[in-house]
Amino acid sequence: GQTIDPATALTSSLAAQATVGVSVPDFYLVQLLGPAKDQWISRLENSGMEILQYLDPYVHLVRMPSGNVAATAALDFVRWVTPYLPQYRIGTDLLLYSGVIENVDVTIYNSPKAGIEGTLAAITSYGGTLVERETDNGNDMFLIATFRLPASALDAVSQLDEVAWLSYRSPVRELEDEMSDQIIAGNFGPINPGYQNWLTGNGVDGTGVTVALIDSGYDTGVDATSHPDLSGRLIPVGTPTDTSGHGTHVGGIIAGNASLGTLDGSNFLLGLGVVPAANLVVRFFSGTNAALQRDAVINGAVASNNSYGVHAAGIGYTNDDRTLDMLVRDA
C-alpha cells in the first residue's frame with residue numbers, strides 16, 4: 001500500500017542518514033539502470049554492501065551502512081536509492097486483521113553479527129508466541145519464523161533492525177488451481193478469477209486438441225465412470241485405473257474443467273486445468289518407450305506428459321534419453 005517516488009528517494013535517504021547521525025547498517029532499496037551486470041554487482045559488493053534479494057524492476061533489497069548511501073547513489077549505473085522503511089515491510093494482507101493473528105510469517109535477516117535469537121526474543125516481548133521456525137540454511141540470508149502475534153504489535157515488529165518482511169500465512173494450505181492457471185497465462189498483478197473467460201476470449205481452451213497422459217492412470221480408467229471434470233473426454237488405452245492418485249492429479253492439472261463449480265474463499269475455481277476442453281489419452285507408463293509414444297500418437301495426441309523417470313538423475317545423456325528424443329521427432 002506504499003508508494004515510492006524515485007524523484008525524492010535520494011533526498012529522503014540522505015535525510016534519514018543525517019537523522020541517524022552515525023553510519024549503521026540498514027536495509028535499502030537500490031534500483032539499477034537495467035538488468036544487473038557482473039561488474040555492477042562487484043562494485044556494489046566491494047563497497048561493503050550485501051545484496052540480499054532481487055525485486056522488480058531492477059531493484060535489489062540490500063544491507064549497507066547509512067554512510068554509504070550518497071556514494072552509492074552517485075554511481076553511474078544506479079538510478080535511485082531509498083531506505084527500506086518499516087511500513088514497506090508489512091504485507092497488505094495483514095492489515096485486514098485485528099486482535100491476535102494466528103499465523104504471521106516474519107522474515108528475519110540472518111545477521112552474522114546480531115544473529116536470530118535476539119530478534120526472536122524481541123518479537124516475543126511484543127506479545128508474540130513462536131509457532132515454528134525454519135531450520136537455518138547456510139545458503140540463505142533470511143530465516144522465516146511463524147508467530148502468533150497481536151495486530152497491534154505489527155508496527156513495532158516491523159521496526160526491528162533485522163526484520164525484512166511480515167506476511168499472513170493461512171493455517172491451512174490453500175488449493176490454488178485456477179490461480180495457478182492465471183499465473184501461467186500471465187494474468188497477474190493482481191490475480192483475479194476469470195481464467196476460463198480468458199481462454200474463451202482467445203479461443204485456446206483446448207477444443208479439438210488431444211494430450212497424452214502417460215502416468216499411473218486416471219481415476220477409474222473408464223471414461224463413463226471417471227471424475228466429472230474429465231468424463232466424456234478420456235481416451236483410455238486398456239483400463240488404466242489409477243491406484244496411486246498421481247496420474248489423476250496430473251490429468252486434472254492438464255485438462256480438468258472444474259465442472260463441479262467448487263470455489264475457494266476468493267472465488268477461484270478448484271479443479272480447473274490449463275486446457276479444460278482438451279481430450280486426454282491415458283496410458284500406464286509400463287512397457288517400452290516406443291509403445292508408450294506409439295499409443296499416444298495413434299490416438300491423436302499432439303502433446304504428451306510423461307511423469308516418470310527413465311534413469312537416476314545426474315548420470316548424463318543415456319540411450320533411454322536418445323531413444324525418447326528420436327521417438328518424439330519420429331512422431
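# Two sheets and their helices

Y54 has H60 as its bridge partner in β3. That single pairing is a handy place to start looking around this predicted model. The protein has ten helices and twelve strands. Its radius of gyration is 26 Å, well over the 20 Å that the globule rule gives for 331 residues, so the protein is more spread out than a compact globule.

**Overall picture**

- Taken along the principal axes, the box filled by the C-alpha atoms is roughly 75 × 50 × 40 Å.
- Of the 331 residues, 38% count as buried.
- Look at contacts between residues at least 6 apart in sequence: 67% of them join residues at least 24 apart.

**The antiparallel sheet**

- Which strands make up this sheet, and in what order? Four strands form an open sheet that reads β2-β3-β1-β4, with antiparallel pairing.
- The edge positions belong to β2 (50-55) and β4 (78-83); each has a single partner strand, so one side of each is left without a neighbour in the sheet.
- On average, and ignoring direction, neighbouring strands here are turned by 30° against each other.
- Five bridges hold β2 and β3 (residues 59-65) together in the antiparallel sense, and the pair you met at the start, Y54 and H60, is one place to find this pairing.
- At the other end of the order, β1 (residues 25-32) and β4 run antiparallel and are joined by five bridges. To see this pairing in the model, find L29, which stands opposite T82 in β4.
- Although β4 is an edge strand, five of its six residues are buried, so β4 is largely enclosed by the rest of the structure.

**The parallel sheet**

- A second group of four strands also forms an open sheet, this time with parallel pairing and the order β10-β11-β9-β12.
- Here the edges are β10 (234-236) and β12; each has a single partner strand, so one side of each is left without a neighbour in the sheet.
- From one strand to the next, the twist averages 20°.
- Three bridges link β10 and β11, which run parallel. I235 has V281 as its bridge partner in β11.
- Next in the order, β11 (residues 279-284) pairs with β9 over six bridges, again in the parallel sense. V281 turns up here too, as the bridge partner of A212.
- On its other side, β9 runs parallel to β12 (residues 303-306), with four bridges between them. V211 stands opposite A303 of β12.

**Strand β9 and the helices around it**

- Is β9 mostly covered or uncovered? This strand (residues 210-215) is mostly covered, with six of its six residues buried.
- The cover comes on both faces: T210, A212 and I214 are buried on one side, and V211, L213 and D215 are buried on the other.
- Helix α8 (residues 246-255) packs on the sheet and touches β9, β11 and β12; the direction of α8 makes about 160° with that of β9.
- Helix α9 (residues 289-298) lies across β9, β11 and β12 as well, and runs at about 155° to β11.

**A pair of helices**

- Two packed helices are described by the angle between their axes and the distance between the axes.
- For α6 (residues 177-185) and α7 (residues 195-202), the axes come within 9 Å and cross at roughly 40°. That angle makes α6 oblique to α7.
- The contact is made by E178, D181, Q182 and A185 from α6, together with Y195, Q196 and W198 from α7.
- By type, the residues of this contact divide into three nonpolar, two polar and two charged.

**Backbone details in the loops**

- Most residues other than glycine have a negative phi, and most peptide bonds are trans.
- The peptide bond from G189 to P190 is cis, with omega near 0°. You will find P190 in the loop between α6 and α7.
- A258 has a positive phi of about 55°, although it is not a glycine. A258 sits in the loop between α8 and β11.
- Is A258 buried or exposed? A258 has a relative accessible area of 6%, and under 20% counts as buried, so A258 is buried.
- N267 also lies in the loop between α8 and β11, and its phi is near 70°, a positive value in a residue other than glycine.
- At 48% relative accessibility, N267 counts as partly exposed.

Note on methods: Residues are numbered from 1 along each chain as its sequence is written. This is a predicted model: local features need pLDDT of at least 70, side-chain atom pairs count only at pLDDT 80 or more; totals for chains, interfaces and linings use all residues. Side-chain values use heavy atoms; hydrogens and water are left out. Two strands pair if DSSP finds at least two bridges between them. Helices (H or I, at least four residues) and strands (E, at least two) are DSSP runs, numbered from the N terminus. Axes are lines fitted to C-alpha atoms, for helices over the stretch in contact, and angles run from 0 to 180 degrees between N-to-C directions. Angles under 35 degrees count as roughly parallel, over 145 as roughly antiparallel, 65 to 115 as roughly perpendicular and the rest as oblique. Contact means heavy atoms within 4.5 Å. Ala, Val, Leu, Ile, Met, Phe, Trp, Tyr, Cys and Pro count as nonpolar, Asp, Glu, Lys and Arg as charged, and the others, Gly among them, as polar. The radius of gyration is taken over C-alpha atoms; the globule rule is 2.2 Å times the number of residues to the power 0.38. Buried means under 20% relative accessible area, exposed over 50%, partly exposed in between (1.4 Å probe, protein chains only).
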